[in-house]
Amino acid sequence: MPRAFLVVMDSVGIGGAPDADDFFNGDRPDTGANTVGHIAAACAEGQAEEGRSGLLHLPHLDALGLGAALRLASGARGEGLDADPVGLWGAAQEISAGKDTPSGHWELAGLPVPWEWSYFPDTTPAFPEDIVEETKRLAGTDGILGNCHASGTEIIARLGAEHQRTGWPICYTSADSVFQIAAHEESFGLDRLLTLCEGLAPMLHDRRVGRVIARPFVGEPGSYARTGNRHDYAMTPPAPTLLDWAQSAGRKTIAIGKIRDIFAGQGVDEVLKGDDRTLMDHLATSVDSAPDGSLTFANFVEFDSLYGHRRDVSGYARHLEWFDAAIGPVLAAMRPDDLMILTADHGNDPTWSGTDHTRERVPVLAKGPYSGQIGIRAFADVAASVAAHMGIPAEGPGTSFL
């Protein structure tokens, strides 16, 4: 039984979403946003990093078709990304009404989101009073901090000292359908933070808020740092996804990174977590030893969390190059009948205005016993194709491109 590996490079968009003008960063629509294209251009122009010269260097991804997919999706040249593809390559566009993590991952797994998510207004305060009161009750505090739209690192730096002094949790949101709570692992307590988020999640889910996210941090004023103990309390998908299809067929499912959180644990047998470098080690181990017929579903989040939201062009470029170098040996270790698809869930153009995701098409790059161009496909076609390769029934709306 052939194995499959679905790898999401979180936010590595390639521009060109036909409905980008319906999505905004502040007052600016996402029309023209292009994560890979603009990073490649910045590198070529010497703007990505002071003292850096040379083009964006992604030989493994480009050989699979990244540059070709970029040109197909958006018409962007992609300086330095001009290889003739040897893999199966194309692009995909989303139909779900969001540019967020659950929408992208659920649809890649064969389940377009069947509703509109709820979002909080970009005002201060941002949250309804009953949500604030329930947060206070569960936290055992007299108040909360934040209650606004914010960047996670910025609000921790701004309110961390007051949080430690008062013991009040820092609550904030973004353009995504999320309620995030930051708290100090030591002075507030990690277990207490996780219990708070878990207890609050049903109230938020009832209102179609997609995730309650625990954002623990450590350190002292002026040197706070978020830890790897983040936990997303996501809504349970309302119908089976690729993970469930595989599990129902008796196949082992391995979730690397935040996949378990995104799917609320549904359809997952084994969970492997860590920072992106640790996750790459987990992916390499899975390629080496995952059982026949298994599905490994991985998310590499740091493109998005460390560089996209922070609008760090040079950091994003460096992380792309790290990922490309690290994935090379993993690709080389695959068995002849394995399939690995590398894709993304949305964009997060670090050259764009605001700090939110950008509505973009995404690359679909596959290594396995297939080759050629697949054109511009639906996100759900990814799930249908993985299922076809594995020889399991597909229950979603997608069509296999294999």
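**View 1. The lining of the largest cavity, in a predicted model.** Eight names are worth finding here: D100, P102, W117, D176, S177, V178, G210 and R211 line the largest cavity. Sorted by character, this lining has 3 nonpolar, 2 polar and 3 charged residues. The space inside the largest cavity comes to about 30 Å³. Don't go hunting for others of 30 Å³ or more: a search of the whole structure turns up 1 cavity of that kind.

**View 2. The largest pocket and the residues around its centre.** This one has a volume of about 670 Å³. It is lined by 39 residues, and S174, A175, D176, H309 and D356 are the closest to its centre. D176 may ring a bell, as it also appears in the lining of the largest cavity. Which elements each supply at least two residues of the lining of the largest pocket? They are β2 (24-25), α6 (152-166), β7 (178-184), β8 (211-218) and α11 (302-308). Strand β8 has the largest share, with 3 residues. Going by residue type, the lining of the largest pocket splits into 10 nonpolar, 15 polar and 14 charged.

**View 3. The second largest pocket, with β8 and α11 again in the lining.** Its volume is about 540 Å³. To find the middle, look for T227, G228, R230, G274 and V301, which are the closest to the centre among the 23 lining residues. At least two residues of this lining come from each of β8, α10 (276-289) and α11. Helix α11 gives the most, with 3 residues. The lining of the second largest pocket holds 4 nonpolar, 8 polar and 11 charged residues.

**View 4. D10 and its contacts.** Look for D10 in the loop between β1 (4-9) and β2. Is D10 buried or exposed? With a relative accessibility of 0%, D10 counts as buried. Setting aside neighbours within four places in sequence, D10 is in contact with T101, H105, K258, N299, F300, V301, F303, D304, Y316, D345 and H346. One of these, V301, is also among the residues closest to the centre of the second largest pocket.

**View 5. Strand β15 and the strands it pairs with.** Strand β15 covers residues 362-367, and 5 of its 6 residues are buried, so call it mostly covered, taking buried as under 20% relative accessible area. Strand β4 (residues 88-93) runs antiparallel to β15, and 5 bridges join the two. To spot this pairing, start at G90, whose bridge partner in β15 is V364. Strand β14 (residues 339-343) is also antiparallel to β15, joined to it by 3 bridges. Here M340 is a handy landmark, with K367 as its bridge partner in β15. As for side chains, in a regular strand they alternate between the two faces of the sheet.

**View 6. Cysteines without a disulfide.** A disulfide is a covalent bond between the sulfur atoms of two cysteines. How many disulfides does the structure hold? The count is 0. C197 is in no disulfide, and its nearest cysteine sulfur, that of C171, lies 8.3 Å away. For a pair to count, the two sulfur atoms would have to be within 2.5 Å. C197 is buried because its relative accessible area is 0%. C43 counts as buried too, at 1% relative accessibility.

How values were computed:
Residues numbered from 1 in each chain as written. Predicted model: local features only at pLDDT ≥ 70, side-chain atom pairs only at ≥ 80, totals over all residues. Heavy atoms only, no water. Buried < 20%, exposed > 50% of the residue type's maximum accessible area, 1.4 Å probe, protein only. Helix = DSSP H or I, 4+ residues; strand = E, 2+ residues; numbered from the N terminus. Pairing = 2+ DSSP bridges. 1 Å grid on protein atoms, 1.4 Å probe; cavity = no way out; pocket = protein on both sides within 12 Å on 5 of 7 lines; lining within 4 Å. Points joined across faces, edges and corners; volume = space filled by probe spheres on them. Nonpolar A, V, L, I, M, F, W, Y, C, P; charged D, E, K, R; others polar. Contact = heavy atoms within 4.5 Å.
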